[in-house]
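Good morning, colleagues. I would ask you to look at the model on the screen, and I shall take its empty spaces before its packing.

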Amino acid sequence: MSFSRPFGLIACARDIAAVRIVRAEDDGVLPLLCLVGPDDELPSGLDRGLLDGCGFRAEPGASLRLVHHGRLVVLAGLGRSPRPDQWRDAAAAGSRELSPIQHLALRLGVAADPAAVRAAVEGVLLARYRFDALTRHPRGRPLRGVDLLRVADDAVSAADAGRVHAAATALTRDLANSPHNHLSAYRFGELARDLATAAGIEVDVLGQNRIRAERLGALLAVNAGSAAEARVVRLTYKPPGTPTGRLGLVGKGIVYDAGGLALKATPPCLGPLKGDMSGAAAVLAALLALPQLGGTAEVTGYLMCTDNMPAPSATALGDVIQGRSGRTIEVLDTDAEGRLVLSDGISLAVDEGHDAVVDIATLTGSAAQALGPSLSALFGSDERLVAAVAAAAEATGEPVGRLPLEARYRDHLDSELADLRNVAPAGLPDALMAALFLHEFTDGVPWAHLDIAGTGWTTTDAGWQSPGGTGTGARTLIELARTFAR
C-alpha cells in the first residue's frame with residue numbers, strides 16, 4: 001500500500017456530511033432520527049402508549065429502534081429541559097443506531113433553541129466518524145447527508161455552525177490518528193499551508209534555518225535527536241473591520257513522542273504517541289473555521305512541530321539549553337518535551353504583542369490522573385481569560401476542571417545550573433509544575449493553559465467520541481476565538 005502525500009489529506013474530515021434545512025414537517029421518506037423529551041410531540045402515527053409498551057421513556061440515554069409504516073425510525077431520549085450536551089449525546093447515540101445508513105432525516109423537539117440545534121448537528125455528524133483512510137475495508141459507511149426538520153429560522157445559522165464545528169473536530173481527529181510515517185513535522189507544515197491558503201488564512205511555515213533565526217532553542221533541543229527537521233507554522237486570521245482584540249493560540253505539535261533519551265517504557269497504548277500533536281491540530285482546525293463563522297478578533301496560531309526521538313545527537317538528561325526568552329533551562333527529563341516547545345511558542349506569541357495567549361497540549365499524565373478522561377485541566381494567570389476559556393469549553397461539550405497555579409511550588413523549578421529546570425522532583429504534581437514552568441514565559445501577558453492529556457484520546461465509542469484521537473479542544477478554541485475581546 002503506498003500513498004502520495006499523507007493519503008490525500010484530509011480524507012475523513014472532507015467526508016463530513018452536508019446538512020440541509022427542510023421546511024416541511026417531515027419528508028416521510030428518509031430513515032428518521034427523532035430526538036424527544038417526555039412532553040414532545042411524536043412523529044405522526046406514534047403514540048405514548050406504544051412507546052411505553054416498548055419500555056421507551058424519552059430519558060437521557062434511552063433509545064428505541066423500530067419500523068413504522070415501512071420506515072426505519074430511531075427515537076433518542078432527551079429528558080426534561082435538556083442541556084446542549086444532552087442534545088449532542090442523544091443525536092450521537094441515534095446516529096450510531098442508524099449506521100450504516102448514509103442519508104437520514106433529523107427531527108428535533110419544538111424546544112430546540114440555536115444552542116441545541118448546533119449541538120445536535122455536531123452529535124449526529126461526529127458519532128459517525130471513523131479513521132478509514134489507510135484501509136481498503138472501511139469499518140463503516142460515512143454519513144453523506146442530514147435533512148434537518150422542524151427548526152426555526154433563527155436556528156439555520158446554528159446548524160451551519162454545528163457542521164463547521166464537526167468538520168474542525170474531524171480534522172483534528174484525522175491529524176491525531178495519522179501515523180508518524182505519514183505525518184512528519186515537515187508534512188504537517190505542508191498540510192497547514194495548503195489548508196490555510198484554501199481557507200484564506202495567512203500562513204508562514206518556518207524551516208530549520210528560520211527557527212534558528214527566531215532563537216527557538218528549546219524546540220531545536222527537542223528536535224536534536226530527530227532525522228527530520230522541525231517546523232513552526234504561524235497562521236493568522238484577520239477579521240473584516242477593526243479587530244476586537246488580538247489572541248495568540250499555541251499548540252504542542254509533537255508528531256511522535258518516543259521520549260528522547262528518556263525512552264518511554266512499554267506504554268499501555270502506543271496510539272497516543274502519534275497523537276501528541278493534538279494541541280497543534282486543534283489550533284489549526286480552529287483557525288481554519290474562523291472565516292466561516294465570522295470571528296471578530298485577530299487570531300494567530302503557532303504550531304510547534306517536531307518529533308522527540310533518541311539518537312546520539314539527542315539532548316541528554318542534564319543538558320542546559322536556552323530558548324527564545326533567553327532563560328536557560330536544565331533538561332532533567334527529555335520526556336517532558338512538550339513544555340519546552342510550548343515555552344518557545346509562548347515567548348514568540350508574547351513578543352508579537354497579543355492581548356492574551358492560550359496554549360493547548362497533551363502534556364502530562366498527571367492531569368489525566370487528576371481529572372480522568374472527561375475533563376481537561378485548565379490553568380491560567382488571568383481570571384477573565386480563564387473564565388472565557390471555561391465558558392467556551394462548557395458551551396461546546398468539552399468541559400474542563402480548573403486547577404490552581406500554585407506559586408508556593410514555584411521554588412521546586414529552581415536549578416543550581418540554570419535559570420530553571422523543566423521538571424520538579426518526584427512526588428510533586430507534574431500537571432501543576434508544568435503549568436508553573438510555562439507561566440515563566442508569559443511575561444505578564446494574560447495566559448491560559450489547557451492540558452488535554454486525559455481527554456485527547458479514547459479507545460471506545462462514547463457520546464460523540466469515536467476510538468482514537470477525540471479532537472478535544474478544537475471547538476473550545478473556536479468558541480473562544482470567535483468572540484474574543486480585549
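Let me begin with the largest pocket of this predicted model. Its lining comprises 31 residues, and Lys-264, Pro-272, Thr-364, Gly-365 and Ala-453 are the ones nearest the centre of the pocket. Four elements contribute two or more residues to that lining: β9 (246-257), α8 (271-274), α11 (365-371) and β18 (457-458). The greatest contribution is that of α11, with three residues. The volume of the largest pocket is about 840 Å³. As for its chemical character, the lining divides into 13 nonpolar, nine polar and nine charged residues.

I turn to the enclosed spaces. How many cavities of 30 Å³ or more does the structure hold? There are two. The largest cavity has a volume of about 80 Å³. It is lined by 13 residues, with Ala-221, Val-222, Asn-308, Thr-315 and Thr-334 closest to its centre. Seven residues of this lining are nonpolar, five are polar and one is charged. The second largest cavity contains about 30 Å³ of space, and the residues that line it include Ser-376, Glu-398, Ile-452 and Thr-476. Its lining counts three nonpolar, four polar and one charged residues.

Next, the packing. In soluble globular proteins, nonpolar side chains tend to be buried together. Here the largest nonpolar core has 53 residues, and Leu-175, Phe-188, Leu-247, Leu-303 and Val-358 have the most contacts inside it. Helix α9 (residues 278-293) is the main contributor to this core, giving eleven residues. Another core, of 44 residues, lies apart from it, and its members include Leu-219, Ile-346, Leu-438 and Val-445.

Consider also helix α3, residues 114-126. Its 13 residues should span 18 Å at 1.5 Å a residue, and the C-alpha atoms at its ends are indeed 18 Å apart, so the two values agree. Is this helix enclosed or open? Eleven of the 13 residues of α3 are buried, and the helix is therefore largely enclosed by the rest of the structure. Among the buried residues are Arg-118 and Glu-122, together with Val-117, Val-121 and Leu-125.

Finally, one residue in a loop. Glu-352 is placed between α10 (338-351) and β13 (356-361). Its relative accessibility is 27%, which means that Glu-352 counts as partly exposed. Leaving aside residues up to four places away in sequence, Glu-352 touches Arg-234, Arg-246 and Tyr-302. Pro-43 is 309 residues from Glu-352 along the chain, and their C-alpha atoms are separated by 56 Å.

Thank you; I welcome your questions.

Notes:
Residues are numbered from 1 along each chain as its sequence is written. This is a predicted model: local features need pLDDT of at least 70, side-chain atom pairs count only at pLDDT 80 or more; totals for chains, interfaces and linings use all residues. Side-chain values use heavy atoms; hydrogens and water are left out. The expected span of a helix is 1.5 Å times one less than its number of residues. Buried means under 20% relative accessible area, exposed over 50%, partly exposed in between (1.4 Å probe, protein chains only). On a 1 Å grid over the protein atoms alone, a cavity is a set of points where a 1.4 Å probe fits but cannot get out, and a pocket is an open set with protein on both sides within 12 Å along at least five of seven lines; lining residues have an atom within 4 Å of a point. Grid points are joined across faces, edges and corners, and a volume is the space filled by probe spheres set on the points. Ala, Val, Leu, Ile, Met, Phe, Trp, Tyr, Cys and Pro count as nonpolar, Asp, Glu, Lys and Arg as charged, and the others, Gly among them, as polar. Contact means heavy atoms within 4.5 Å. A nonpolar core is a set of buried Ala, Val, Leu, Ile, Met, Phe, Trp, Tyr and Cys residues joined through side-chain atoms within 4.5 Å.
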